Amino acid sequence: MKPHELVILSGKGGTGKTSVSAALAAWFQGAVLTDTDVDGANLELVLQARKLAEGPFAGRDKAR
């Protein structure tokens, strides 16, 4: 099966983004997830995740 990318976003807090992401993670076993909330990434708290690796990240100046 071809990999897919699903992005859940909203500019407002408290809209359920983390809850929806956690529910989808439970549905799609083996999914790779990232929580890129700059103010309070907390998906790992909901999923009781453990860190496997950490490394530097470099992004683009402008989103495409």
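This note goes through a predicted model of a protein chain, point by point.

1. Overall make-up. The protein chain has 64 residues, and buried residues account for 6% of them. Its secondary structure consists of 2 helices and 0 strands. Helix H1 covers residues 17-27, and helix H2 covers residues 43-47.

2. Extent and surface. Measured out along the principal axes, the C-alpha trace spans about 35 × 30 × 25 Å. The exposed area of the protein chain is about 6500 Å², with 55% of that supplied by carbon and sulfur atoms.

3. Charge. There are 8 positive and 7 negative side chains in the protein chain. The centres of these two sets are 7 Å apart.

4. Ile 8. This residue sits in the segment before helix H1. Ile 8 counts as partly exposed because its relative accessibility is 32%, a value that falls between the 20% and 50% cut-offs. Leaving out residues up to four places away in sequence, Ile 8 touches Lys 17, Val 20, Ser 21 and Leu 24. Gln 29 is 21 residues from Ile 8 in sequence, and the C-alpha atoms of the two are 18 Å apart in space.

5. Ser 21. Is Ser 21 buried or exposed? Its relative accessibility is 18%, so Ser 21 counts as buried; the cut-off for that class is under 20%. Ser 21 belongs to helix H1. Apart from neighbours within four places in sequence, Ser 21 is in contact with Ile 8 and Leu 43. Ile 8 comes from the segment before helix H1, while residue 43 falls in the range of helix H2, residues 43-47.

6. Thr 18. Helix H1 also holds Thr 18. With a relative accessibility of 24%, Thr 18 counts as partly exposed. Which residues does Thr 18 touch, not counting those up to four places away in sequence? They are Asn 42, Leu 43 and Val 46. Leu 43 is also in contact with Ser 21. Thr 18 and Ile 8 are 10 residues apart in sequence, with a C-alpha to C-alpha distance of 8.6 Å.

7. Leu 47 and the nonpolar patch. Leu 47 is placed in helix H2. Leu 47 has 33% relative accessibility and therefore counts as partly exposed. Together with Leu 33, Leu 45 and Val 46, Leu 47 makes a nonpolar surface patch of about 360 Å². One of these patch residues, Val 46, is also touched by Thr 18 of helix H1.

8. Gly 55. The segment after H2 contains Gly 55. Why does Gly 55 count as exposed? Its relative accessibility is 52%, and the exposed class takes values over 50%. From Gly 55 to Leu 43 there are 12 residues in sequence and 19 Å in space, C-alpha to C-alpha.

Terms used: Residues are numbered from 1 along each chain as its sequence is written. This is a predicted model: local features need pLDDT of at least 70, side-chain atom pairs count only at pLDDT 80 or more; totals for chains, interfaces and linings use all residues. Side-chain values use heavy atoms; hydrogens and water are left out. Helices (H or I, at least four residues) and strands (E, at least two) are DSSP runs, numbered from the N terminus. Buried means under 20% relative accessible area, exposed over 50%, partly exposed in between (1.4 Å probe, protein chains only). Contact means heavy atoms within 4.5 Å. Patches are made of residues with over 30% relative accessible area and no salt bridge: like charges are joined within 9 Å, nonpolar side chains (Val, Leu, Ile, Met, Phe, Trp, Tyr) within 5 Å. Accessible areas come from the Shrake-Rupley method with a 1.4 Å probe; for residues, only the protein chains shown count as cover. A salt bridge is a side-chain nitrogen of Lys or Arg within 4 Å of a carboxyl oxygen of Asp or Glu. Lys and Arg count as positive and Asp and Glu as negative; His and the chain ends are not counted. The place of a charge is taken as NZ of Lys, CZ of Arg, CG of Asp or CD of Glu.
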